[in-house]
Amino acid sequence: MSSSAISPDRIAQLTARERARFAAARPHSAALAARNAEHLLFGVPLHWMSDWGTPFALHVAEARGAQLTDVDGHRLVDFCLGDTGAMFGHSPAPVVAALQAQAARGLTAMLASEDAAAVGELLAARFGLPRWQFAMTATDANRFLLRWLRAVTGRSVLLVFNGCYHGTVDDVFVDLVDGRPVQRPSLLGQVHDLTQTTRVVEFNDLAALEAALAPGDVACVLAEPVMTNIGMVLPEPGFWPAAAELVRRHGSLLVLDETHTISSGPGGYARAHGLAPDALVLGKPLGGGMPCAAYGFTAELAARCEAAKRAAPPGHSGIGTTLTANLLAMAAMRATLSSLMTDAVYQPMLALAGELAQGLRGAIARHGLPWCVSQVGARAEFQFCDRPPRNGSEAAAAMNDALEHLLHLALLNRGVLITPFHNMMLVCPETSAADVERLVQAFDAVLAELTAP
Ligand SMILES: Cc1ncc(COP(=O)(O)O)c(C=O)c1O
């Protein structure tokens, strides 16, 4: 039985029941959703908050550690964790203390503080790159890095992997459709032809990568070391060392976006697997839940960036935002890097994510479903295909929106929250073995209903 062999009628019938169950139990969320509909576009502060599979937006009263309480008093075990922003748990104590200490001493000044020196040292020690800059979001970090790298190489083309996501950086939204690059039609208000300056190849395809680099016009390859935004796509053994060598041989630069793969350990996937990118991007959990991002350079690349800026005429660089690296953000990053991004914090998270992945595999096997589970450190993902996909096209083919929505909603109604986009689950330091057991049991119960004769 493949995911699509589960009858659409069964999915529709169970979805209707779960939607009714959600609505009946959440009068306060319903009332707030109605109130928000008056003044907020789509009734939510950010339009994609209406993409959860719920009949109306779930409203949060409080979030602590691995728990989230909604405004109707339901306690949920949170495996979404703000899609990684809260990977170190909601309101982690060291970050709360740092914020409290800083909050009365200045929030933003567009000036450096002592925290900047400490954060720079911690980032260099953790990630092995000596020079850093900051941004408010990983999207901005990617966008700014792309500018730096186009400036230093004098090359215009960005190379990405099919099915990637690096935030709302317009340049990356080019897909391979029947082997041809196509600008993603869902993009709103994009007036430039991105296919002129973005080249796209399949992940794990070294021959395609080499062909795309061969013209010598690629400024950089921007990639997650493991694709995590189209379900999960793991690199095949030897892919990254060979890809890095190709990038170098063609005079291009390798940027690894570790926004999600920071789940691998305190130095990210690259450190854990001995990869040596030219630049690295960090975001989401870097400030323990505060908006913070950072990007790092090798010494050689940093020198080229400084030279490019010095050589440019005075005026706007197109890089930076006023509140970037504000005093509060620097305090949050210092606390996160020194107290949370440590081996001691990660070890139990990785072990528990392993148990979660095993538990999910067990449930899938019990119900005879040809689905697979992948894990990258503290993060696990189930996919509706019988073996891990090799690239973005295979991963996209395994997706089933209706089934995803049903599973997410049914799990939510059973007290566990997973990411609304694809099937990602993340373990934080406060997640307990009982929380994992609860998720596995809920998953098992939903699969039983889905597959019942
Ligand atoms: C790999 C990757 N990079 C960058 C981003 C953008 O992060 P943000 O939305 O915080 O800017 C995301 C968001 O999901 C991501 O998955």
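The legends below describe close-up views of helix contacts, a pocket and cavities in a predicted model.

**View 1. Helix α3 meets helix α10 in a right-handed crossing.**
The two helices shown here are α3, which covers residues 93-103, and α10, which covers residues 327-340, and their axes come within 8 Å and cross at roughly 150°. Because angles over 145 degrees count as roughly antiparallel, α3 is described as roughly antiparallel to α10. On the α3 side the contact is made by Pro-94, Val-95, Ala-98, Leu-99, Gln-102 and Ala-103, while α10 brings Leu-327, Leu-328, Ala-331, Ala-332, Ala-335, Thr-336, Ser-339 and Leu-340. Sorted by class, the residues of this contact are 11 nonpolar and 3 polar, with no charged residues.

**View 2. Helix α6 passes helix α7 in a right-handed crossing.**
Helix α6 spans residues 206-213 and helix α7 spans residues 239-249, and their axes come within 10 Å while crossing at roughly 15°. Angles under 35 degrees count as roughly parallel, and α6 and α7 are therefore roughly parallel to each other. The residues that make the contact are Leu-206, Leu-209, Glu-210 and Leu-213 from α6, together with Phe-239, Ala-242, Ala-243, Leu-246, Val-247 and Arg-249 from α7. Of the residues in this contact of α6 with α7, 8 are nonpolar and 2 are charged, and no polar residues take part.

**View 3. Helix α1 passes helix α13 in a left-handed crossing.**
In this view the axes of α1, made up of residues 8-24, and α13, made up of residues 401-413, come within 9 Å and cross at roughly 35°. From α1, the residues Ile-11, Leu-14, Thr-15, Glu-18, Arg-19, Arg-21 and Phe-22 meet Ala-402, Leu-403, Leu-406, Leu-409, Ala-410, Leu-412 and Asn-413 of α13. When the residues of this contact of α1 with α13 are divided by class, 9 are nonpolar, 2 are polar and 3 are charged.

**View 4. The second largest pocket has a lining of 26 residues.**
The volume of the second largest pocket is about 640 Å³, and the lining residues that lie nearest its centre are Gln-133, Phe-134, Trp-148, Tyr-295 and Ile-319. Two strands and two helices, namely β4 (131-135), β12 (293-297), α9 (299-311) and α10, each supply at least two residues of this lining. Helix α10, which also meets α3 in the first view, is thus one of the elements to look for here. By class, the lining of the second largest pocket comprises 15 nonpolar, 8 polar and 3 charged residues.

**View 5. The largest cavity holds about 60 Å³ of space.**
The structure as a whole has 5 cavities of 30 Å³ or more, and this view is centred on the largest cavity. Its lining is formed by Ile-230, Gly-231, Glu-381, Phe-382, Gln-383, Phe-384, Ala-395, Ala-398, Met-399, Glu-404, His-422 and Asn-423. Strand β14, which runs over residues 379-383, gives the most to this lining, with 3 residues. Among the lining residues of the largest cavity, 6 are nonpolar, 4 are polar and 2 are charged.

**View 6. The second largest cavity holds about 40 Å³ of space.**
The residues that line the second largest cavity are Phe-161, Cys-164, His-166, Leu-222, Ala-223, Glu-224 and Met-227. Grouped by class, this lining of the second largest cavity has 5 nonpolar residues, 1 polar residue and 1 charged residue.

Key: Residues numbered from 1 in each chain as written. Predicted model: local features only at pLDDT ≥ 70, side-chain atom pairs only at ≥ 80, totals over all residues. Heavy atoms only, no water. Axes fitted to C-alpha atoms, helices over the stretch in contact; angles between N-to-C directions. Helix = DSSP H or I, 4+ residues; strand = E, 2+ residues; numbered from the N terminus. Parallel < 35°, antiparallel > 145°, perpendicular 65-115°, else oblique. Left-handed = near helix turned anticlockwise from the far one by under 90°. Contact = heavy atoms within 4.5 Å. Nonpolar A, V, L, I, M, F, W, Y, C, P; charged D, E, K, R; others polar. 1 Å grid on protein atoms, 1.4 Å probe; cavity = no way out; pocket = protein on both sides within 12 Å on 5 of 7 lines; lining within 4 Å. Points joined across faces, edges and corners; volume = space filled by probe spheres on them.
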